[in-house]
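Hi,

Here is the structure I promised to pass on. Have a look first, and my notes follow below.

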Amino acid sequence: MAQYQDHMLILKSRPYRESDALITAFGLKSGKIGAIAKGTRRAKNRLAGLYPLSYTVCEIYHGRSNLDTITGTDLVEGFSGMRQDLSRLSWGMLLADLVDEMWEERDAAPAVFPWVVGGWEGLAQGANALTITLTACWHLLQLAGYYPQWETCEVCGRVPDDGPVALDLVHDRLYCTRHRPGDDG
């Protein structure tokens with residue numbers, strides 16, 4: 001049983017019991033956790049900043065249960081510009097869902113944190129939503145170990161230096177100009 005503090009990205013929030021919420025968060029030191037925020041749905045909420053797609057410093061109690069208990073919060077950034085546009089909010093949720101699906105509970109991955117915060121900041125500031133999100137997603141997939149191997153030709157093993165290349169996305173292969181499928185070479 002321990003009390004700890006961590007910088008957290010709030011990925012999801014679901015109602016739980018009468019006035020509590022189940023939170024899925026990704027911590028800079030602790031990785032992805034599930035936590036209960038007691039009383040967060042009451043009118044006088046003492047745990048400000050526990051809404052999805054926010055960056056919060058949390059005081060957390062880790063007891064015997066699989067779920068931690070959030071005992072205190074300090075909102076760092078709410079990304080309000082992203083929340084005011086449904087399209088940008090959707091792109092922000094894509095980043096949150098990707099992190100939620102790709103990392104296991106308690107799998108600390110500090111390199112994930114700046115890509116999500118940067119993506120959410122870019123979306124909140126009005127930058128090109130597609131470019132921001134796809135760039136962040138690409139780097140998150142790379143951190144999760146899903147980086148395509150497209151440096152060399154599948155047939156000859158050389159780095160393509162001229163002309164168009166062919167990508168086989170199904171089998172994760174790259175072909176140089178001379179060895180493109182369908183060509184005589």
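A good place to start is W120, which touches L9, I10, L11, L53, S54, F79, M82, G92, L95 and A96, leaving out residues up to four places away in sequence; a contact here means heavy atoms within 4.5 Å.

Before going on, some background: this is a predicted model, where local features need pLDDT of at least 70 and side-chain atom pairs count only at pLDDT 80 or more, while totals for chains, interfaces and linings use all residues. Residues are numbered from 1 along each chain as its sequence is written, and side-chain values use heavy atoms, with hydrogens and water left out.

W120 also turns up in the largest nonpolar core, which has 23 residues; L9, F26, V99, V112, W120 and L140 touch the most other members. (Such a core is a set of buried Ala, Val, Leu, Ile, Met, Phe, Trp, Tyr and Cys residues joined through side-chain atoms within 4.5 Å; buried is under 20% relative accessible area with a 1.4 Å probe, protein chains only.) Strand 1 (2–16), helix 2, helix 3 and helix 4 each give two or more residues to this core, and helix 3 gives the most, with six. Helices are DSSP runs of H or I with at least four residues, strands runs of E with at least two, numbered from the N terminus.

Now to helix 4 (residues 129–143). Its buried residues are A129, T133, A136, C137 and L140. They cover an arc of only 100 degrees around the axis (taken from the directions from the axis to the C-beta atoms), so they sit on the same side of helix 4. The buried residues of helix 4 pack against helix 2 (86–102) and helix 3 (112–124).

Cheers

Technical notes: Expected span 1.5 Å × (residues − 1). Buried < 20%, exposed > 50% of the residue type's maximum accessible area, 1.4 Å probe, protein only.
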